[in-house]
Amino acid sequence: LNRTMTSGSIPVRENLEAPAVALMPLDTPLRNRIPRVPGAGAAAAWKQLTQLGSNSTGTGAQAFFSESGAPAVDDSVYANKSAAYKLLGKMGGITNFAMAAGANYQNQLAAEKTNKLRAVMLNEENAIINGSSSTIAAPWGDGVTSFAFDGLLALTATGNGTPANQVQTAVGALTLAHIDAQLQRLWNQGGSGFWIAMSGTE
């Protein structure tokens, strides 16, 4: 026997454990919280309650009144909103030879379909937070045109009705005091059911 022969120079069966192990995060907690409803047409339309009266909390108009008087008329304010539907997907592929070659390891076609479905869900989760309707670079566009919608970061702006003291930039490292202050502001504005979404890009 030749004692210099090593495992690297002779045929050795690969000891692969099937199926392939996913090493990337697969959680989509924000996406999972959003109800899924079937749509129709090319856009969705809805009414947005912007004020409970003369201001956002409905406390600006006369509420107390005399025995023979009446409180001031203080109508709620609604805004018409609409958003065009956006197309989101992933393209995958696998050859017949690749399916046959890996048939004794795992169902390659089924695995690729599952992988692309997971990729779409992760892309949607990312878009809900970081989406940009003005960025043409991938994944939001094709380099020429943007096809995406604006995510929470882009929508959290005073122009969309967010109170100015809830939009903060360049505040340094995130602290518990900052989170507590934001949650208190949300409570003061009538918010409930608190949860926090944090983006890795911030």
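**Salt bridges, a nonpolar patch and helix α5**

R31, R36 and E124 are joined by salt bridges into a network. The model in which this network appears is predicted. In total, the structure contains three salt bridges. Side chains of opposite charge can pair when their charged atoms come close.

Within the network, the side chain of E124 meets that of R31 at an N to O distance of 2.7 Å. This pair ties together distant parts of the chain: E124 belongs to helix α3 (residues 108–130) and R31 to helix α1 (residues 29–33), with their positions 93 residues apart in the numbering. E124 and R31 are both buried. For E124, the assignment follows from its relative accessibility of 15%, because a residue counts as buried under 20%.

E124 also forms a salt bridge with R36, and here the closest N and O atoms are 3.0 Å apart. This second contact likewise links distant parts of the chain, since R36 lies in the loop between α1 and β1 whereas E124 lies in helix α3, 88 residues apart.

Helix α3 provides another salt bridge, in which the side chains of E112 and K116 meet at 3.6 Å, N to O. What separates these two residues along helix α3? E112 and K116 are four residues apart, and therefore about one helical turn lies between them. An α-helix has 3.6 residues a turn, so residues three or four places apart point the same way. K116 has a relative accessibility of 26% and thus counts as partly exposed.

Attention now turns to the surface. L49, L52 and Y78 make a nonpolar surface patch of about 320 Å². Of these residues, L49 is placed in strand β1 (residues 43–51). L49 counts as partly exposed because its relative accessibility is 44%.

The last element to consider is helix α5, which comprises residues 176–188. At 1.5 Å a residue, its 13 residues should span 18 Å, and the end C-alpha atoms are indeed 18 Å apart, so the expected and computed values agree. Which residues of α5 are buried? They are H178, I179 and Q182. Viewed down the axis of α5, these buried residues fall within an arc of 100°, and they therefore line one face of the helix. On the other side of α5, the residues L176, A177, D180 and W187 are exposed. After α5 comes G190, which has a positive phi near 95°.

Definitions and conventions. Residues numbered from 1 in each chain as written. Predicted model: local features only at pLDDT ≥ 70, side-chain atom pairs only at ≥ 80, totals over all residues. Heavy atoms only, no water. Patch = residues over 30% accessible without salt bridge, like charges linked within 9 Å, V, L, I, M, F, W, Y side chains within 5 Å. Areas by Shrake-Rupley, 256 points an atom, 1.4 Å probe, with all protein chains shown as cover. Salt bridge = Lys/Arg side-chain N within 4 Å of Asp/Glu carboxyl O. Buried < 20%, exposed > 50% of the residue type's maximum accessible area, 1.4 Å probe, protein only. Expected span 1.5 Å × (residues − 1). Arc of directions from axis to C-beta.
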